[in-house]
Amino acid sequence: MSGRSVVRLICGALFCTALFAAPLIFVATAGAQQPDAAKPDAPKTDAPKTDASKPSDTPASAGGAPAAAPAPASAPDLKTKLGRAPKDIPLVDPCKSTHQPSYCNVKD
Amino acid sequence: MSKTEPPSRSDRLSRVLSYLVAITTILGIPVGLYGYYSSQQANRVNRTFDFYKDFRSDTLQKDFSLLVEQWNAKAADVEALLEKNDEAGLGQLVTSLLQSDEAQTALAQLVLFFDETYSCVDKALCDNNAAFALLKNPADQIFYMYGSYLTTVRQHNPNYATGILKVRGLSKSWSLL
């Protein structure tokens, strides 16, 4: 085998490696550049927005049911992905009632 | 009969290099394709998350909160109507909640938002599973509260609030990526 063939093979191998490594590098770079917010389960380290100063936003203020009592500010498991407390939950869910209205079964 | 000569060193090197090229090619194509589709998938998820961020923006949260607050203010009435199995009464109550311009605007904004979201998912520009995880629950909540009104309007205009119904009907799909 001539020296030229060896050089050609090496160049071919390098070319193939570069060709197929490029998408991998691209994906790895794109993954590394994703903001933390795009990873919903990533814990936030900065101070989250608390809605404790807005009692009117909590369902309890509107309906007063105990199930919708405002979450304690120190309960991190109740924070949603953007650091907000889960507020604005309908107190009555007709579709989970024993007398379910017919519209609950409407499918598009 | 001639004797076959043992392969020379350069022949062996040539063969090894040939194998390397073949292996790189065979492995490289699927890996490259996987990388390409992964990046496409990541873009779809990001786009869906942008919709979720829009939903969590102050404007839409204000609209959503208004609708929930109005509903919660009538929680006792709703329970009473449900106990009596009075669907017509519930429909009237919901319609009365939507009499104000503010409430109408809030519902219209949310309907438009979910129409856009579902359009994105339907055209495969957004990720089905991310939409399912992030936006199905809010769509469900809106429908639980104002479903009687939405279905009434849909009897005359079948395209109204299709996004809300479609998003609440999303299911998790299996994906390699």
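A residue counts as buried if 20 or more other C-beta atoms lie within 10 Å of its own, and as exposed if 12 or fewer do. By this criterion, 15% of the 108 residues of chain A are buried. The structure discussed here is a predicted model, with an ipTM of 0.74 and a pTM of 0.67.

## The two chains

The table sets out values for each chain.

| Property | Chain A | Chain B |
|---|---|---|
| Helices and strands | 2 helices, 0 strands | 7 helices, 0 strands |
| Buried residues | 15% of 108 residues | 31% of 177 residues |
| Contacts joining residues at least 24 apart, among those at least 6 apart in sequence | 43% | 79% |
| Mean pLDDT | 60 | 92 |
| Residues with pLDDT of at least 70 | 39% | 98% |

Along the sequence, the elements of chain B follow the pattern α-α-α-α-α-α-α. In chain A, the pLDDT remains under 50 throughout residues 35-86. For that segment the model has 54 contacts beyond four places in sequence.

## The nonpolar core

In soluble globular proteins, nonpolar side chains tend to be buried together. The largest nonpolar core in this model has 40 residues, of which Leu67(B), Leu135(B), Tyr146(B) and Ile164(B) touch the most other members. At least two residues of this core come from each of H1, H2, H3, H4, helix H5 (101-122), H6 and H7 of chain B. H6(B) supplies the largest share, namely 12 residues.

The surroundings of Leu67(B) illustrate how distant parts of the sequence are brought into contact. Apart from neighbours within four places in sequence, Leu67(B) is in contact with Ala103(B), Ala106(B), Leu107(B), Met145(B) and Tyr146(B).

Trp71(B) lies in helix H2 of chain B. It is buried, because 25 other C-beta atoms lie within 10 Å, against the cut-off of 20 or more. Between Trp71(B) and Tyr146(B), which are 75 residues apart along the chain, the C-alpha separation is 8.7 Å. When residues up to four places away in sequence are not counted, Trp71(B) touches Leu97(B) and Met145(B), and also Pro90(A) of the other chain.

## Helices H5 and H3 of chain B

H5(B) has 22 residues, and at 1.5 Å a residue these should span 32 Å; the end C-alpha atoms are 31 Å apart, which agrees with that expectation. The buried residues of this helix are Ala106(B), Leu107(B), Leu110(B), Phe113(B), Phe114(B), Thr117(B), Tyr118(B) and Val121(B). Viewed down the axis of H5(B), they fall within an arc of 125°, and therefore line one face of the helix. The cover over these buried residues includes H1, H2, H6 and H7 of chain B. On the other side of H5(B), the exposed residues are Asp101(B), Gln104(B) and Thr105(B). After H5(B) comes Ala124(B), with a positive phi near 60°.

H3(B) can be described in similar terms. Its buried residues are Val78(B), Leu81(B) and Leu82(B). These occupy an arc of only 100° around the axis, so they lie on the same side of H3(B). H4 of chain B is included in what covers the buried residues of H3(B). Asn85(B), which follows H3(B), has a positive phi near 60°.

## The interface between the chains

Contact between the chains involves 46 residues of chain B and 40 residues of chain A. On the side of chain B that touches chain A, the elements giving two or more residues are helix H1 (9-55), helix H2 (58-73), helix H3 (75-83), helix H4 (87-97), helix H6 (128-156) and helix H7 (162-168). H1(B) gives the most to this side, with 20 residues. By residue class, the side of chain B that touches chain A consists of 19 nonpolar, 20 polar and 7 charged residues.

Technical notes
Residues numbered from 1 in each chain as written. Chains lettered and ligands numbered in written order. Predicted model: local features only at pLDDT ≥ 70, side-chain atom pairs only at ≥ 80, totals over all residues. Helix = DSSP H or I, 4+ residues; strand = E, 2+ residues; numbered from the N terminus. Contact = placed C-beta atoms within 7 Å. Nonpolar A, V, L, I, M, F, W, Y, C, P; charged D, E, K, R; others polar. Core = buried A, V, L, I, M, F, W, Y, C linked by C-beta atoms within 7 Å. Arc of directions from axis to C-beta. pLDDT = per-residue confidence, 0-100. Expected span 1.5 Å × (residues − 1).
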